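Biologist: Please show me the model, and then we can go through its surface, fold and charges.

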Amino acid sequence: MVFAQGKGGIGEDGQTQNYYVNESVGIACGMLIATLHEAGLSTLTHMPSPMGFLREICGRPDYEKPLMIVVAGLPSDYATVPKKATEKKPLSQIASWL
C-alpha cells in the first residue's frame, strides 16, 4: 500500500504541512516499480476508487491518503507483455526542445 502523508513532517505530528506530496510519492512509486522490475519481479498497480476505506483497514491516520496498491512477485515462466504495452509514440510527439 502506498499512502501520501499530507501533514506530519519528520515528527509525524499530523500538524506540519508537507509540500509537493503527490509529486514526491509519484516519483518514489516510479523508482520502486523500476527497481522491482530490475530485480526480476513483476508488478501490478491498482488504484481503486474510492480509496478511503483502505486508510481504515490499514489503521492509518486521517492525514494520510491512500494512493496506490502495488503487488510484486516472481513472474510465471509463461508471462508475456501485452502487445499494446510495447507500442510507444515517437519522441517528437511527446517532447519539444528549446
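Modeller: Accessible areas here come from the Shrake-Rupley method with a 1.4 Å probe, and for residues only the protein chains shown count as cover. This is a predicted model, in which local features need pLDDT of at least 70 and side-chain atom pairs count only at pLDDT 80 or more, while totals for chains, interfaces and linings use all residues. Residues are numbered from 1 along each chain as its sequence is written, and side-chain values use heavy atoms, with hydrogens and water left out.

Biologist: What area does the protein chain expose?

Modeller: Carbon and sulfur atoms supply 60% of the exposed area. Buried means under 20% relative accessible area, exposed over 50% and partly exposed in between (1.4 Å probe, protein chains only). Of the 98 residues, 18% count as buried. The area that the protein chain exposes is about 7900 Å².

Biologist: In which order do the elements of the protein chain run from the N terminus on?

Modeller: Elements are DSSP runs, numbered from the N terminus: helices are H or I with at least four residues, strands E with at least two. The protein chain has four helices and three strands. Their order is β-α-β-α-β-α-α.

Biologist: What radius of gyration does the protein chain have?

Modeller: The radius is taken over C-alpha atoms, and the globule rule is 2.2 Å times the number of residues to the power 0.38. A compact globule of 98 residues would come near 13 Å. The C-alpha trace spans about 45 × 45 × 25 Å along its principal axes. The radius of gyration of the protein chain is 17 Å.

Biologist: Which residue forms a salt bridge with Glu-64?

Modeller: A salt bridge is a side-chain nitrogen of Lys or Arg within 4 Å of a carboxyl oxygen of Asp or Glu. By this rule the count is three. Glu-64 is buried, at 6% relative accessible area, whereas its partner is partly exposed at 35%. With the closest N and O atoms 2.7 Å apart, that partner is Arg-60.

Biologist: Which residues do salt bridges with shared partners join into one network?

Modeller: Lys-83 is exposed at 63%, and its closest N and O atoms with Glu-87 are 3.1 Å apart. Glu-87 is partly exposed, with 40%. Lys-84, exposed at 66%, also forms a salt bridge with Glu-87, at 3.4 Å. The network therefore consists of Lys-83, Lys-84 and Glu-87.
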